[in-house]
Amino acid sequence: MDHAADAFRTDLMTITRFVLNEQSKHPESRGDFSILLSHIVLGCKFVCAAVNKAGLAKLIGLAGETNVQAIFVKALVSSGRTCILVSEEDEDAIIVEPSKRGKYCVVFDPLDGSSNIDCGVSIGTIFGIYMIKDGGEPSLEDVLQPGKNMLAAGYCMYGSSCTLVLSTGSGVNGFTLDPSLGEFILTHPDIKIPKKGKIYSVNEGNAKNWDGPTANMVADVHRTLLYGGVFLYPADKKSPDGKLRVLYEVFPMSFLMEQAGGQSFTGKERSLDLVPKKIHERSPIFLGSYDDVEEIKALYAAEGKV
């Protein structure tokens, strides 16, 4: 046994240690936010284990979305820190029973990209966290807030490796699950998207329906975040309001992109300034490197759409 190597490994920056370090910067904190994040991380570990054990195709074949939804709802409710949950898999918001309520709202897409599972594309979980506006009974008003009010956002990508990307409002950091330790380890500290990139991700098969001027959002945005460029899902003739859901797709990814130095634009305004009117509202989106999104904004401005 290489004891020297093992001693080194005990000093790794795990996601738990990272979150606690962030918590220490806020002396007034009681640790509620850290506990909630630890339960989200636990949910991601459960899904990753299920993926590795059953295989992606089998996970989907066995009503995978429903299973993953149940994993995250249980993880979030059992934290005792949530009051209302909004999921892509539920038509209505989930109101947490009074005895298990906390002060946070969580919006999430439990299994993004599942429709592409047969072609081996990575799938993932997207999430965002808000604090409730006021005390009292939780309501839809607590989650129908603009994305700029989010406290944290992130995604976990399940594939050849399991990667969790997180922002709590002070930059973006990436963690990779070490199976031998069962811990997410900081592998991509302080991610900064290049100001201009060479990559763009778009469903070109839909080009004939685009407006005048996705397939798997997690994998595409992850690549854009690391290497620059743009991810776009514009409005089209079939979906004039866009395809991606505002609360649990557009907002979390836009939050991460801005925290990494990029931009996110709807075709009319900054994505995080949107105020949704319903929990499954959709929006067009253009996000990525700052300069690349500036060029897209200029195109829309030239057509008088901004």
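**Note on the predicted model: helix 6, two sheets and a charged patch**

1. Helix 6, which spans residues 217-227, is mostly covered, since eight of its eleven residues are buried. The buried positions of helix 6 are M217, V218, A219, D220, V221, H222, T224 and L225. Just after helix 6 comes G228, a residue that takes a positive phi of about 90°. These details, like those that follow, should be read as features of a predicted model.

2. For orientation, the protein chain contains eight helices and 14 strands. The chain has 306 residues, of which 50% count as buried. Its accessible surface comes to about 14100 Å², and carbon and sulfur atoms account for 53% of that area.

3. One open sheet is built from eight strands in the order 2-1-3-4-5-6-7-8, and its pairing is mixed. At the edges of this sheet stand strand 2 (94-95) and strand 8, each with a single partner strand, so one side of each is left without a neighbour in the sheet. As general background, the strands of a sheet pair through backbone hydrogen bonds, either parallel or antiparallel.

4. Within the order 2-1-3-4-5-6-7-8, strand 4 (residues 123-131) and strand 5 (residues 152-158) run antiparallel and are joined by seven bridges. One residue pair that a reader can locate here is I129 with A152, the latter being its bridge partner in strand 5.

5. Strand 7 (residues 173-178) deserves a closer look: six of its six residues are buried, and the strand is therefore largely enclosed by the rest of the structure. In a regular strand the side chains alternate between the two faces of the sheet. For strand 7, N173, F175 and L177 point one way, while G174, T176 and D178 point the other way, and all of them are buried.

6. On one side, strand 7 pairs with strand 6 (residues 162-167) in the antiparallel sense, over four bridges, and T163 stands opposite T176 of strand 7. The hairpin of strand 6 and strand 7 has five residues between the strands, and G169 in this hairpin takes a positive phi near 100°.

7. Strand 7 is also joined to strand 8 (residues 183-188), by five bridges, and these two strands likewise run antiparallel. Here G174 of strand 7 stands opposite H188 in strand 8. Strand 7 and strand 8 form a hairpin with four residues between them, and in its turn G182 has a positive phi of about 70°.

8. Another open sheet has four strands in the order 9-10-14-12, again with mixed pairing. Strand 9 (200-201) and strand 12 (263-265) are placed at the edges and have a single partner strand each, so one side of each is left without a neighbour in the sheet. Strand 12 is joined by three bridges to strand 14 (residues 285-288), and the two run antiparallel; F265 stands opposite F286 in strand 14.

9. Finally, K238, K243, K278 and R282 together form a positive surface patch. Of these residues, K243 lies in the loop between strand 10 (230-233) and strand 11 (244-245). Is K243 buried or partly exposed? K243 counts as partly exposed because its relative accessibility is 40%, and that class lies between the limits of under 20% for buried and over 50% for exposed.

Note on methods
Residues are numbered from 1 along each chain as its sequence is written. This is a predicted model: local features need pLDDT of at least 70, side-chain atom pairs count only at pLDDT 80 or more; totals for chains, interfaces and linings use all residues. Side-chain values use heavy atoms; hydrogens and water are left out. Patches are made of residues with over 30% relative accessible area and no salt bridge: like charges are joined within 9 Å, nonpolar side chains (Val, Leu, Ile, Met, Phe, Trp, Tyr) within 5 Å. Accessible areas come from the Shrake-Rupley method with a 1.4 Å probe; for residues, only the protein chains shown count as cover. A salt bridge is a side-chain nitrogen of Lys or Arg within 4 Å of a carboxyl oxygen of Asp or Glu. Lys and Arg count as positive and Asp and Glu as negative; His and the chain ends are not counted. The place of a charge is taken as NZ of Lys, CZ of Arg, CG of Asp or CD of Glu. Buried means under 20% relative accessible area, exposed over 50%, partly exposed in between (1.4 Å probe, protein chains only). Two strands pair if DSSP finds at least two bridges between them.
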